[in-house]
Amino acid sequence: MVWFKKSKKPKPVVAVRPRSQVPEGLWVKCEGCREIIYSKELHKNLMICPKCGYHFRISAPERIGLLIDEEQPRELFAGVSPVDPLKFRDTKPYKGRLKQYQELTVILAVMEYRFMGGSMGSVVGEKITRAAEEALRRDVGLVVVSASGGARMQEGALSLMQMAKISAALARLREARLPFLSILTDPTTGGVTASFAMLGDLNIAEPGALIGFAGPRVIEQTIGESLPEGFQRSEFLLQHGFLDMVVPRTELKQTVARCLRHFH
Ligand SMILES: [Zn+2]
């Protein structure tokens, strides 16, 4: 809450928070329907507006908590993968049993929008590449949740090179017939959209997410036409074949699990 002094009588004005911030106040104004929501209620509802379904942006740790069963945390690099030297078999071959237990294991990479707009510099590129290589090594699928303004300009061409590097790692994953699910959240733009975010075996978006390469103003100026309503939002992109699914946050985990089971 801020006080806005224009006339002699000060009028209270609700401060609109930057979209990238997770609201911490008691009350939050919804970006979608402009209603005032009780913050606790919003958090309980996975940061989805209970009135209009608007998906607020969430942080990478919140996202991980949402997608992974906390009862079964799996530590990365915790051990060695099992082999089947005895060609063991009871009612089922050991190899098949292992596969059955491994099938819902994935490598999950989540971009953090709060860190410089989720921009992709060398480190982001390296980590996603390593995530893909780790999935390959472990013979499991890869899930990447994108939230990014695009390549990080401060690292110039080095940022752009990440697009090719990650794409090459994903191609190796594809050769090994391992699934890659790309989850696009608000916003996914620029070089991230132009590379790995759109290379998923399935490209899944959250409702209302801004997804595109260049901003609408740049496009309008370039083509000299005004853009249709809902342009660059998940639903529009789904309709025009750029996405495979638009999935509400509440159903994301189950959908990802179902898709991974299907691919294995
Ligand atoms: Zn709303």
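Of the 264 residues of the chain, 37% count as buried. The model is a predicted one, and its secondary structure comes to 9 helices and 10 strands. Among contacts in the chain with a separation of 6 or more, 63% are between residues 24 or more positions apart. The points below concern a zinc site, the loops that contribute to it, helix α4, and a cavity with a cis peptide bond at its lining.

**Zinc site**

- Four cysteines coordinate the zinc ion through their SG atoms, namely Cys 30, Cys 33, Cys 49 and Cys 52, at 2.3 Å.
- Along the sequence, these donor residues follow the spacing C-x2-C-x15-C-x2-C.
- Cys 33 and Cys 49 link distant parts of the chain, being 16 residues apart. Cys 33 belongs to the loop between β3 (27–29) and β4 (36–38), whereas Cys 49 belongs to the loop between α1 (39–44) and α2 (60–67).
- The arrangement of the 4 donor atoms is tetrahedral because they subtend angles of 106 to 114° around the zinc ion. A set of four donors is counted as tetrahedral if all angles lie between 85 and 135 degrees.
- For comparison, the ideal angle for four tetrahedral donors at a metal is 109.5 degrees.
- Cys 33 has a relative accessibility of 26% and therefore counts as partly exposed.
- Cys 49 has a relative accessible area of 3%, so this residue is buried. The cut-off for a buried residue is under 20%.

**Backbone of the two loops**

- Arg 34 lies in the loop between β3 and β4, and its phi is positive, near 65°, although the residue is not a glycine.
- With a relative accessibility of 47%, Arg 34 counts as partly exposed, because the exposed class begins over 50%.
- Met 47 is found in the loop between α1 and α2 and is likewise a residue other than glycine with a positive phi, of about 60°.
- Met 47 is buried, because its relative accessible area is 3%.

**Helix α4**

- Helix α4 covers residues 122–138, and its 17 residues should span 24 Å at 1.5 Å a residue. The C-alpha atoms at its ends are 24 Å apart, so the model agrees with the expected span.
- The buried residues of α4 are Gly 125, Ile 128, Thr 129, Ala 131, Ala 132, Glu 134 and Ala 135.
- An α-helix has 3.6 residues a turn, so residues three or four places apart point the same way.
- The packing partners of the buried residues in α4 are β5 (106–110), β6 (141–148) and α5 (156–175).
- Asp 139 follows α4 and has a positive phi, near 60°.

**Cavity and cis peptide bond**

- The structure holds 1 cavity of 30 Å³ or more, and the largest cavity has a volume of about 120 Å³.
- A total of 16 residues line the largest cavity, and the closest to its centre are Ile 58, Arg 63, Ala 147, Thr 185 and Asp 186.
- Elements α2, β6 and β7 (180–189) each give two or more residues to this lining.
- Asp 186, one of the residues closest to the cavity centre, is joined to Pro 187 by a cis peptide bond with omega of about -10°.
- Pro 187 is located in strand β7, one of the elements that contribute two or more residues to the lining of the largest cavity.

How values were computed. Residues are numbered from 1 along each chain as its sequence is written. This is a predicted model: local features need pLDDT of at least 70, side-chain atom pairs count only at pLDDT 80 or more; totals for chains, interfaces and linings use all residues. Side-chain values use heavy atoms; hydrogens and water are left out. Donors are N, O and S atoms within 2.8 Å of the metal (3.2 Å for Na, K and Ca); water is not among the atoms, so sites may look incomplete. Four donors count as tetrahedral if all angles lie between 85 and 135 degrees; four count as square planar and six as octahedral if opposite donors are over 155 degrees apart and all others between 65 and 115; anything else is irregular. Helices (H or I, at least four residues) and strands (E, at least two) are DSSP runs, numbered from the N terminus. Buried means under 20% relative accessible area, exposed over 50%, partly exposed in between (1.4 Å probe, protein chains only). The expected span of a helix is 1.5 Å times one less than its number of residues. Contact means heavy atoms within 4.5 Å. On a 1 Å grid over the protein atoms alone, a cavity is a set of points where a 1.4 Å probe fits but cannot get out, and a pocket is an open set with protein on both sides within 12 Å along at least five of seven lines; lining residues have an atom within 4 Å of a point. Grid points are joined across faces, edges and corners, and a volume is the space filled by probe spheres set on the points.
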